[in-house]
Amino acid sequence: MKNSLPIIFVVTLFMTLGLTLYLINQSEASDEPETWSSFVYTNGYNSGRYKKVDDFEDYPSCRDYSLEKSAENGQAPWECGLRCRFDSSRQGFQCETMENE
């Protein structure tokens, strides 16, 4: 009986830690739909000027739109970003992933 109290305490501690980590992971999971944004850099990547269009359902539709607008602007560079949001500390958009293929 003397050794059972520390064992119960350690088991309870690990169970509490496990539950806490599980709940943190659940709250971090994104329930947002997958949306893509098109960025067409009409003056080149380093200019800071781009044309942005949101709410594409998938990468191929974003890519097709970007290629079309790129051709209209003299083969301007372009990218498609997944789940983009404005980051005020960086003064620009940050995306989970950016693709250009």
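Student: In what order do the elements of the chain run from the N terminus on?

Tutor: A good way to start is to walk along the chain and name each element in turn. In this predicted model, the order from the N terminus is α-β-β-α-β-β-β-β. Altogether the secondary structure comes to 2 helices and 6 strands.

Student: How do I read a sheet, and what is the order of the strands in the open sheet here?

Tutor: Look at which strand pairs with which, rather than at their order along the chain. Here 4 strands form an open sheet in the order β2-β1-β3-β6, and the pairing is antiparallel. At the edges are β2 (51-56) and β6 (97-99), each of which pairs on one side only. From one strand to the next, the twist averages 25 degrees.

Student: How many bridges join these strands, say β1 to β3?

Tutor: Let's take the pairs in turn. Strand β1 (residues 36-40) is joined to β2 by 4 bridges, and to β3 by 5 bridges. Between β3 and β6 there are 3 bridges. You can follow single residues too: Val 40 has Lys 51 as its bridge partner in β2, and Val 40 also stands opposite Trp 78 in β3. Further over, Gly 81 has Met 98 in β6 as its bridge partner.

Student: Which strands does helix α2 touch as it packs on the sheet?

Tutor: For packing, look for contacts first and then compare directions. Helix α2 (residues 59-72) touches β1, β2, β3 (78-82) and β6, and its direction makes about 155 degrees with that of β3.

Student: Are the residues of β3 buried or exposed?

Tutor: Check the accessible area of each residue, where under 20% relative area counts as buried. In β3, 5 of the 5 residues are buried, so the strand is largely enclosed by the rest of the structure. Now check each face. Trp 78, Cys 80 and Leu 82 are buried on one side, while Glu 79 and Gly 81 are buried on the other.

Student: Cys 80 brings me to disulfides. What is a disulfide, in general?

Tutor: It is a covalent bond between the sulfur atoms of two cysteines. The count for this model is 2 disulfides. One joins Cys 62 to Cys 80, with an S to S distance of 2.2 Å. This link is left-handed, with -105 degrees about the S-S bond. Cys 62 lies in helix α2 and Cys 80 in strand β3, so the pair ties together parts that are 18 residues apart in sequence. Both Cys 62 and Cys 80 are buried.

Student: Where does the disulfide of Cys 84 and Cys 95 lie?

Tutor: Cys 84 and Cys 95 are joined with an S to S distance of 1.9 Å, and their link is right-handed, with 105 degrees about the S-S bond. Cys 84 is in the loop between β3 and β4 (85-87), and Cys 95 in the loop between β5 (92-94) and β6, so this pair ties together parts 11 residues apart in sequence. Counting bonded cysteines along the chain, the pattern is 1-2, 3-4.

Student: What radius of gyration does the chain have, and how do I judge it?

Tutor: Compare it with a reference. A compact globule of 101 residues would have a radius of gyration near 13 Å, but this chain has 23 Å. The C-alpha trace spans about 80 × 25 × 20 Å along its principal axes. Of the 101 residues, 21% count as buried. The chain exposes about 7,700 Å², of which carbon and sulfur atoms supply 55%.

Notes: Residues numbered from 1 in each chain as written. Predicted model: local features only at pLDDT ≥ 70, side-chain atom pairs only at ≥ 80, totals over all residues. Heavy atoms only, no water. Pairing = 2+ DSSP bridges. Axes fitted to C-alpha atoms, helices over the stretch in contact; angles between N-to-C directions. Contact = heavy atoms within 4.5 Å. Buried < 20%, exposed > 50% of the residue type's maximum accessible area, 1.4 Å probe, protein only. Disulfide = S-S within 2.5 Å. Rg over C-alpha atoms; globule rule 2.2 N^0.38 Å. Areas by Shrake-Rupley, 256 points an atom, 1.4 Å probe, with all protein chains shown as cover.
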